[in-house]
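Subject: Structure handover, with notes on helix packing and internal spaces

Hello,

I am passing on the structure we spoke about, and I would ask you to open it beside this message while you read. My notes on what was found in it follow below.

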Amino acid sequence: MHRILAAIVAAGACASSLQAQTRPPVLAEPVLTLAEALDRAGASSPFQDAASAGVRAAEAQRRVAALRPNPSIVAETENVAGSGIYRGLRSSETTLGLALPLERGGKRQARMALADAQIGRAGIAAAIARADLRLRVTQAYVVGVTAQRRVAVARDQIGIAAEVLRAAKVRVQAGRASPLEEQRADVARLAAEGVLERADRSAAVAGTNLARLIGMPVGALDDSWFQLVDALGPLQPSRSTGTLIAAAARADLDTATAQVRLARSQRVPDLTLSASARRLEQTNDTAAVFGVSIPLTVFNGGRSAVVVADAQRDQSDALRRVALLDAEQDIATTQAEAANAATTARNATGPALTAAVEAVRIARIGYREGKFGQLDLLDAERTLLDTRTAAIDALAAYHDARARLERLTAEAPIAKDTDR
């Protein structure tokens, strides 16, 4: 009899082994890394398209600024439809010529200088758009990984709650515990199912938002990157020199300075030279006519426009200094946030998590053996859940702070002197 049972067990084991060998392998879901998400977002993004269009518009404006004023055709007829000898067209004088405006005061050069400053500002705006897009994608990626981690924790909690409920039923059926324990365990299981439902919904929304940014469906995300916490070391002095923020503030100041130059050039009146040919109908003769037109700056000499431009330049200079102060303050604050989050993440994913897991293991064994009460087990389970949740929150805060710090310290594409 024992030999027959042994043969049956051996045959079953062989069949199971053969089935495992012939079963097709389960393909793992491809993991979308942060670098791939950033590349996908940079390939097609309306934010970068808008910035590129701004650069093209500034370059086109530069070509417009370099153009000279158009000449004018002058045509006029005098001494017509009068009385006496001026009746009809017998004494008419017809003049046909060309008028050419001549710009003075360096207006064309001032326009070109302003256009150059605007091109530089548009280029910085394009770099800012790329940095902002990188920040948006990174933050959306962090939210997505965080949501997936919460789903995994919620599923584990359902398994734990089901195991606690099973143990409670065994104790109740054995008469070693009150039916209240089974009811309490069932309530905990239902609460865990609700948490999983909310976590699934949040993960779906996070995945959809990330998919909108990168233009492709989102599956599994890189959990190993999410758990990586770099050693930041001591806080460094925050410096905004050479960053995009400083470059943008300086470009605004350069644009305002170019506006001052243009306003001053507008104070110099332009000349209009004209050369015409006049035909005298009465004598059938032709004569040349030359003219010069000079506007009189009596009511508007352009002084007020210069005052306005000077004030706007002073405002831009003050705003530049404010932007540098704010940037240095934000960099220092974000550095501290990243360091604090890193410390919390290392503690929550290290000794604290190990201790919580060990406490749950001991509480489960003690509960099954009747040495611990159900409240002790539920308290240990709650502590483990809080520790895992705190670890996820700390990792999310760390990566978000690192992304914001990278954005704040992003270097400008063209180095500019910001120590002015």
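Let us begin with a pair of helices in this predicted model: in helix H9, the residues Ala352, Leu353, Ala356, Val357, Ala359, Val360, Ala363, Arg364 and Tyr367 meet Gln374, Asp376, Leu377, Ala380, Glu381, Leu384, Thr387 and Arg388 in helix H10. Sorted by class, the residues of this contact are eleven nonpolar, two polar and four charged.

Two packed helices are described by the angle between their axes and by the distance between those axes. For H9 and H10 the angle is about 160°, and the axes lie 9 Å apart. Angles over 145 degrees count as roughly antiparallel, and H9 and H10 are therefore roughly antiparallel to each other. Their crossing is left-handed.

H9 and H10 also take part in the lining of an enclosed space. The count of cavities of 30 Å³ or more comes to one, and the largest cavity has a volume of about 60 Å³. Which residues line the largest cavity? They are Ile160, Glu163, Val164, Ala167, Arg364, Tyr367, Arg368, Leu377 and Glu381. Helix H4 (107-173), H9 (351-368) and H10 (374-408) each supply at least two residues of this lining, and the largest share, four residues, comes from H4. By class, the cavity lining has five nonpolar and four charged residues, with no polar ones.

Turning to the pockets, the largest has a volume of about 480 Å³. Its lining is made up of 20 residues, and those nearest its centre are Gln157, Ala188, Ala192, Val195 and Leu385. H4, helix H5 (179-214) and H10 are the elements that give two or more residues to this lining, which divides into 14 nonpolar, two polar and four charged residues.

The second largest pocket holds about 310 Å³ of space. Of the 14 residues that line it, Trp225, His399, Arg402, Ala403 and Glu406 are the closest to its centre. H4 and H10 each supply at least two residues of this lining, while the largest share, six residues, comes from H10. In the lining of the second largest pocket there are seven nonpolar, three polar and four charged residues.

As you go through the model, it may help to follow H10, which meets H9 in the contact described above and gives residues to the linings of the largest cavity, the largest pocket and the second largest pocket.

Best wishes

Key: Residues are numbered from 1 along each chain as its sequence is written. This is a predicted model: local features need pLDDT of at least 70, side-chain atom pairs count only at pLDDT 80 or more; totals for chains, interfaces and linings use all residues. Side-chain values use heavy atoms; hydrogens and water are left out. On a 1 Å grid over the protein atoms alone, a cavity is a set of points where a 1.4 Å probe fits but cannot get out, and a pocket is an open set with protein on both sides within 12 Å along at least five of seven lines; lining residues have an atom within 4 Å of a point. Grid points are joined across faces, edges and corners, and a volume is the space filled by probe spheres set on the points. Ala, Val, Leu, Ile, Met, Phe, Trp, Tyr, Cys and Pro count as nonpolar, Asp, Glu, Lys and Arg as charged, and the others, Gly among them, as polar. Axes are lines fitted to C-alpha atoms, for helices over the stretch in contact, and angles run from 0 to 180 degrees between N-to-C directions. Angles under 35 degrees count as roughly parallel, over 145 as roughly antiparallel, 65 to 115 as roughly perpendicular and the rest as oblique. A crossing is left-handed if the near helix is turned anticlockwise from the far one by less than a right angle, and right-handed if clockwise. Contact means heavy atoms within 4.5 Å.
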